[in-house]
Amino acid sequence: MRTICAGLLYGALALGANSALAGGFETLQVHAAPKAPAVTSFVTIDGVSMDLSVYAGDVVVLNFWATWCAPCKREMPGLDRLQAMMGDEGIEVVTMAFGRHNPMAMEKFWDRANIENLPLHRDPTTDLAQAFGVKGLPHTVILDAEGNEIASLPGEAEWDSAEAIALLEGFLTD
């Protein structure tokens, strides 16, 4: 039954997403069916190898960004507020620095933007980004509670907007 409900939700969102959303979500691509990622490994800011499976059970908003990316600088505070608002509701915002990044520069970026609720992770080989089809920054991928890709959004968005909250709440209800 859960699979049928999830399929109906994804299908409805896929048919109507582009016509009803604003705030940067006009280019949201909701998949007709969840897709298992080919790569799930990343590195923490401390250099520890990890896997996206540590977020199993939560809907993950996986955001690829870079310290040199101007749209990323504008978008990151909204992602931070989203995590503060919905972190206890089953949403986990996971930030992933694209390519080689100096951890000190990443921390400086966080300090300047007053980011308090987001993790600092890295994708130094860009294998994770490539597996999710990232071609530009920022790029956000939404994973369901089982770790499957259910949506993708190239470009900047207002992640703490009413549209974002409603969208993510819809993904939580499957």
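1. A good place to start in this predicted model is F132. Setting aside neighbours within four places in sequence, F132 contacts P37, V39, L52, L62, F64, H139, V141, L143 and E149.

2. F132 also belongs to a wider group: the largest nonpolar core, with 49 residues, where F132, L62, F64, W65, I142, W159 and F171 have the most contacts inside the core. Two or more residues of this core come from each of β4 (59-65), α2 (70-86), β5 (91-98), α3 (103-113), α4 (127-131), β7 (139-143), β8 (149-154) and α5 (162-172). The largest share, six residues, is supplied by β4.

3. You may enjoy following β4 onward into its pairing. It runs parallel to β5, and seven bridges join the two strands; F64, for instance, has M96 of β5 as its bridge partner. Between them the chain passes through α2, in a right-handed β-α-β crossover.

4. What about β5 itself? Seven of its eight residues are buried, so β5 is largely enclosed by the rest of the structure.

5. On to β6 (residues 121-123): three bridges join this strand to β5, again in a parallel arrangement, and F98 has D123 of β6 as its bridge partner. The chain gets from β5 to β6 through α3, and this β-α-β crossover is right-handed.

6. Finally, the overall picture. The protein has five helices and eight strands, in the order α-β-β-β-β-α-β-α-β-α-β-β-α from the N terminus. Of its 174 residues, 49% are buried. Among contacts with a separation of 6 or more, 73% link residues 24 or more positions apart. The exposed area is about 8200 Å², with 54% of it from carbon and sulfur atoms.

Definitions and conventions
Residues numbered from 1 in each chain as written. Predicted model: local features only at pLDDT ≥ 70, side-chain atom pairs only at ≥ 80, totals over all residues. Heavy atoms only, no water. Core = buried A, V, L, I, M, F, W, Y, C linked by side-chain atoms within 4.5 Å. Buried < 20%, exposed > 50% of the residue type's maximum accessible area, 1.4 Å probe, protein only. Helix = DSSP H or I, 4+ residues; strand = E, 2+ residues; numbered from the N terminus. Contact = heavy atoms within 4.5 Å. Areas by Shrake-Rupley, 256 points an atom, 1.4 Å probe, with all protein chains shown as cover. Pairing = 2+ DSSP bridges. Right-handed = clockwise from strand over helix to strand, strands pointing away.
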